[in-house]
Amino acid sequence: MILNSTYTQKEHKHIIADLIGKPYSFFEALKMGGVGSKRMIIEQVSPNMEQYLNVVSDINYANIEMRPNGILIYINKGLKNYTWVIPYYQLVLYKTNGTSIHAQGKFIRFSNTKTFKENATFFKKLMNAKIKHDEQYSFQF
């Protein structure tokens, strides 16, 4: 689900809280060592997400915020902001030349630049949170 988050709307806060949980408190975020990534350069997106990127040859940026049951990807398009809400059970990460995030029939690929490399610890933390979340629902055969 992609929401236009240029202006704050109570409805969006409720939808996000229902899907992936409320934001971590300040002390929880400190204890975790941070819950947000630095901004990263978007290299490529799926065709159904191109409408959320700049049309001209500007650089497109995004950053990620972790929540208890999923992530938020904030995409900047000029003066507008969009938020892609992804629950952990739909999240798939691929480590290619950079990293790509796939969910809900869409994907976003981040280029392997200095800003991406600064987020290596964040992606490890994100993978650990996804694994921990998925272990709650593991089945024994």
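Begin by selecting Arg67 and Glu65 in this predicted model, where both Arg67 and Glu65 are buried. Show their side chains and you will find that Arg67 and Glu65 meet in a salt bridge, with a distance of 2.9 Å from N to O. Side chains of opposite charge can pair when their charged atoms come close.

How many salt bridges are there by this rule? The count comes to three, and the tour now turns to the other pairs.

Select Glu118 and Lys38 next, whose side chains meet in a salt bridge at 3.8 Å, N to O. This pair links distant parts of the chain, for Glu118 and Lys38 lie 80 residues apart. If you colour the model by secondary structure, look for Glu118 in the loop between helix H3 (114-117) and helix H4 (120-135), and for Lys38 in the loop between helix H2 (26-32) and strand S2 (40-45). Glu118 counts as partly exposed because its relative accessibility is 37%, and Lys38 counts as partly exposed because its relative accessibility is 46%.

Now move along helix H4 and select Asp134 and Lys130, whose side chains meet in a salt bridge at 3.0 Å, N to O. Because Asp134 and Lys130 are four residues apart in helix H4, they are separated by about one helical turn. Are these two residues buried or partly exposed? Asp134 is partly exposed, with a relative accessible area of 32%, whereas Lys130 is buried, with a relative accessible area of 13%.

Finally, select helix H1, residues 10-20, and look at how its residues are arranged around the axis. Which residues of helix H1 are buried? They are His12, Ile16 and Ile20. These buried residues cover an arc of only 30 degrees around the axis, which means that they sit on the same side of H1. An α-helix has 3.6 residues a turn, so residues three or four places apart point the same way.

To see what the buried residues of H1 pack against, add strand S1 (2-4), strand S3 (61-67), strand S4 (70-77) and strand S5 (80-87) to your selection. Then turn the view to the other side of H1, where Lys10, Glu11, His14 and Asp18 are exposed. End the tour just after H1, at Gly21, which takes a positive phi of about 95 degrees.

How values were computed. Residues are numbered from 1 along each chain as its sequence is written. This is a predicted model: local features need pLDDT of at least 70, side-chain atom pairs count only at pLDDT 80 or more; totals for chains, interfaces and linings use all residues. Side-chain values use heavy atoms; hydrogens and water are left out. Buried means under 20% relative accessible area, exposed over 50%, partly exposed in between (1.4 Å probe, protein chains only). Helices (H or I, at least four residues) and strands (E, at least two) are DSSP runs, numbered from the N terminus. The arc is that of the directions from the helix axis to the C-beta atoms. Contact means heavy atoms within 4.5 Å. A salt bridge is a side-chain nitrogen of Lys or Arg within 4 Å of a carboxyl oxygen of Asp or Glu.
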